[in-house]
Amino acid sequence: MKAWVLHKVGDFRYEEIQEPQLQETEALVAVKAAGVCGSDVPRICRDGAHKMPLIPGHEFAGEVVGLGKGVDKRWLHKRVGVYPLIPCRACLPCRAGKYEMCRSYSYLGSRRDGGFAEYAAVPVRCLTELPANVSYEQAAMLEPMAVAVHAMRRVFPADMAGEETVAICGLGTIGMLLAMFLRERGIERLFVIGNKEYQKDRALALGIPENHYCDSRRGETADWLLQRTGGAGADVFFECVGRNETVSQAVSLTAAGGRVCLVGNPYADMVLDKQVYWKILRNQLLVTGTWNSSFFAGPDAETGNRSDWDYAIDRLDRGKVRPEQFISHRFGLKELDRGLYIMRDRSEDYLKVMILPEKH
């Protein structure tokens, strides 16, 4: 089969390799669509992966075309989404059903071979069957969609009424998907902070009013948000960038008694300024982190669904959300490096780069 193999940092090759040899509980998935995540860029170009050589790619979907000996034959030819985290099922979080916090997990695309290939071996427990009207492109966005849902659920109860003021700083894929889900949940007082014209265009397409969008390049973010919230700040602030200055800004622009949700992966070491710390104390802020998403959790009180993934699939199935509107580039598998380097070099505006192995 054809695959992109990371041999060492910066040595990323499109080559012919053997198809995966299936373990007893694995399925062979013919990859139909794969998203390039922002984390793939440093993994391939700067930091390397946990093991190499490696086939990267953790956002993908496809068709089951082969089965390990222990897999129910009903999976054959199913259209599936793929949850990339493989929990150990033995640590304390796993025993509590919190698999996204597993202490000893494996991960498709970073710790074992992933989806930047024609075929991938996936534990059957990491598969979810797709409804007939969910496309492969949509399904390849389930992983970042579920990450956004997980962040939303970290700070909002199931019965949120929509009156609170919410701010999102950072309109990459996760920030934009988070805005999409918050709009779908009825949040009207949603203020978003980006730094590119196409981000503004996508925000307006979600129905966010133009005066609810701030371009951070103007250096007026604090005054802008405080003016629109009567000087109080946001009740809930999602920080989706991962930089010192935006974390400090999130704390400063959150209302007394409010909630800050840290979503963005850190670019470097984070240092908490004394005055920022004081604001957390004096305003009695709830600061929470979020990572990954739930896939094997218990039943959800609102929908009866079992996870963030089920929540996202339910919204897709009912036509409530359209994540495909954020796909800015589509490439065939052989052209994957073009998309990767657009992201690395920021040579073009982009949001989600999608790889379609059957596209020529």
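Aspartate 314 and arginine 318 form a salt bridge in this predicted model, with their closest N and O atoms 2.8 Å apart. Salt bridges with shared partners link this pair into one network of Glu184, Asp314, Arg315 and Arg318. Across the whole structure, a search finds 20 salt bridges. The points below cover this network, two further pairs, and three places in loops where the backbone geometry is noted.

**The network around aspartate 314**
- Aspartate 314 is partly exposed, at a relative accessible area of 22%.
- Its partner arginine 318 is also partly exposed, with a relative accessible area of 47%.
- Glu184 and Arg315 are the other members of the network that holds Asp314 and Arg318.

**Two further salt bridges**
- Arginine 217 pairs with aspartate 215, and the closest N and O atoms of this salt bridge are 2.7 Å apart.
- The two partners fall in separate accessibility classes: arginine 217 is exposed, with a relative accessible area of 53%, whereas aspartate 215 is buried, at 7% relative accessibility.
- Aspartate 215 counts as buried because its 7% falls under the 20% cut-off.
- Arginine 46 forms a salt bridge with aspartate 47, a residue next to it in number, and here the closest N and O atoms are 2.9 Å apart.
- Arginine 46 is exposed, with a relative accessible area of 58%.
- Side chains of opposite charge can pair when their charged atoms come close.

**A cis peptide bond**
- The peptide bond from methionine 52 to proline 53 is cis, and its omega is near 5 degrees.
- Proline 53 sits in the loop between α1 (40–47) and β4 (59–67).
- Arginine 46 and aspartate 47, paired in a salt bridge, fall within the numbering of α1 (40–47), the helix before this loop.

**Positive phi outside glycine**
- Arginine 89 has a positive phi, near 65 degrees, although the residue is not glycine.
- The loop that holds arginine 89 runs between β6 (85–86) and α2 (92–95).
- Arginine 89 counts as partly exposed, at 32% relative accessibility.
- Glutamine 284 is another residue other than glycine with a positive phi, in this case near 45 degrees.
- Glutamine 284 lies in the loop between α9 (274–282) and β15 (286–289).
- At 65% relative accessibility, glutamine 284 is exposed, because this value is over the 50% cut-off.

Methods. Residues are numbered from 1 along each chain as its sequence is written. This is a predicted model: local features need pLDDT of at least 70, side-chain atom pairs count only at pLDDT 80 or more; totals for chains, interfaces and linings use all residues. Side-chain values use heavy atoms; hydrogens and water are left out. Helices (H or I, at least four residues) and strands (E, at least two) are DSSP runs, numbered from the N terminus. Buried means under 20% relative accessible area, exposed over 50%, partly exposed in between (1.4 Å probe, protein chains only). A salt bridge is a side-chain nitrogen of Lys or Arg within 4 Å of a carboxyl oxygen of Asp or Glu.
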